[in-house]
Amino acid sequence: MANRKYEAFYIVRPDLTDAEVQKIADRFKDVVEQQGGVVESAAKWDKRKLAYEIDGLKEGNYILMNFEAGAAVPAELNRLMRISDDVIRHRVFLV
């Protein structure tokens, strides 16, 4: 089956340091690459105010990752992001 292009957008806790945020971003990037995908870009945006409060948090660190992979990779990313305590919200889109 052919690889398709995806976009993973997720928000991590605002109380993490830049190094911790980078470590989380690298971990998700490694998941894509270990399963045969190719990460085109992974960029940390600034800490931003959330549209509404989530679990008592009013802001978060936004991260956007564009990648190309098979269908199993976004499913695995969703699973890992859902169980991560550091990820507040996430979405993986087919581009």
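**Entry 1: helix 1, outside and inside**

I started on the outer side of helix 1, where Ala-19, Lys-23 and Gln-34 are exposed. A reminder to myself before going on: this is a predicted model.

Next I turned helix 1 around and listed its buried residues: Val-21, Ile-24, Ala-25, Phe-28, Val-31 and Val-32. They cover an arc of only 110° around the axis, so they sit on the same side of helix 1. I noted the background for this: an α-helix has 3.6 residues a turn, so residues three or four places apart point the same way.

What covers these buried residues? I found that the cover includes strand 1, strand 2, strand 3, helix 2 and strand 4.

I also checked the length. With 17 residues at 1.5 Å a residue, helix 1 should span 24 Å, and its end C-alpha atoms are 24 Å apart, which agrees. Just past the helix I came to Gly-36, which has a positive phi near 90°.

**Entry 2: the sheet**

I then traced the strands. There are four of them in an open sheet, ordered 2-3-1-4, with antiparallel pairing. Strand 2 (38-54) and strand 4 (87-94) are at the edges with a single partner strand each, so one side of each has no neighbour in the sheet. From one strand to the next, the twist averages 20°.

I looked more closely at one pair. Strand 2 and strand 3 (residues 57-69) are joined by 10 bridges in the antiparallel sense, and Lys-44 stands opposite Ile-63 in strand 3.

Which strands does helix 1 touch? Helix 1 (residues 18-34) packs on the sheet and touches strand 1 (4-12), strand 2, strand 3 and strand 4. Its direction makes about 30° with that of strand 3. Helix 2 (residues 72-83) also packs on the sheet, touching strand 1, strand 3 and strand 4. The direction of helix 2 makes about 170° with that of strand 4.

**Entry 3: the cores**

I moved on to the nonpolar residues. The largest nonpolar core has 22 residues, and Tyr-10, Val-12, Phe-28, Met-65, Phe-67 and Leu-77 touch the most other members. Strand 1, helix 1, strand 3, helix 2 and strand 4 each supply at least two residues of this core. Helix 1 gives the most, with six residues. In general, nonpolar side chains in soluble globular proteins tend to be buried together.

I picked Leu-77 and asked what it is in contact with, leaving aside neighbours within four places in sequence. I found Phe-28, Val-31, Val-32, Met-65 and Phe-67.

Apart from this core I found another, of six residues, including Ile-11, Leu-57, Tyr-62 and Ile-88.

**Entry 4: two stops around strand 2**

My first stop was Arg-48, which lies in strand 2. Is Arg-48 buried or partly exposed? I noted 41% relative accessibility, so Arg-48 counts as partly exposed. Beyond neighbours within four places in sequence, Arg-48 is in contact with Glu-59, Gly-60 and Tyr-62. Arg-48 and Glu-59 are 11 residues apart in sequence, yet their C-alpha atoms are 5.4 Å apart in space.

My last stop was Asp-55, in the loop between strand 2 and strand 3. I noted a phi near 50° for Asp-55, a positive value in a residue other than glycine. For background, most residues other than glycine have a negative phi. Asp-55 has a relative accessible area of 75%, so I wrote it down as exposed.

Key:
Residues numbered from 1 in each chain as written. Predicted model: local features only at pLDDT ≥ 70, side-chain atom pairs only at ≥ 80, totals over all residues. Heavy atoms only, no water. Pairing = 2+ DSSP bridges. Helix = DSSP H or I, 4+ residues; strand = E, 2+ residues; numbered from the N terminus. Axes fitted to C-alpha atoms, helices over the stretch in contact; angles between N-to-C directions. Contact = heavy atoms within 4.5 Å. Expected span 1.5 Å × (residues − 1). Buried < 20%, exposed > 50% of the residue type's maximum accessible area, 1.4 Å probe, protein only. Arc of directions from axis to C-beta. Core = buried A, V, L, I, M, F, W, Y, C linked by side-chain atoms within 4.5 Å.
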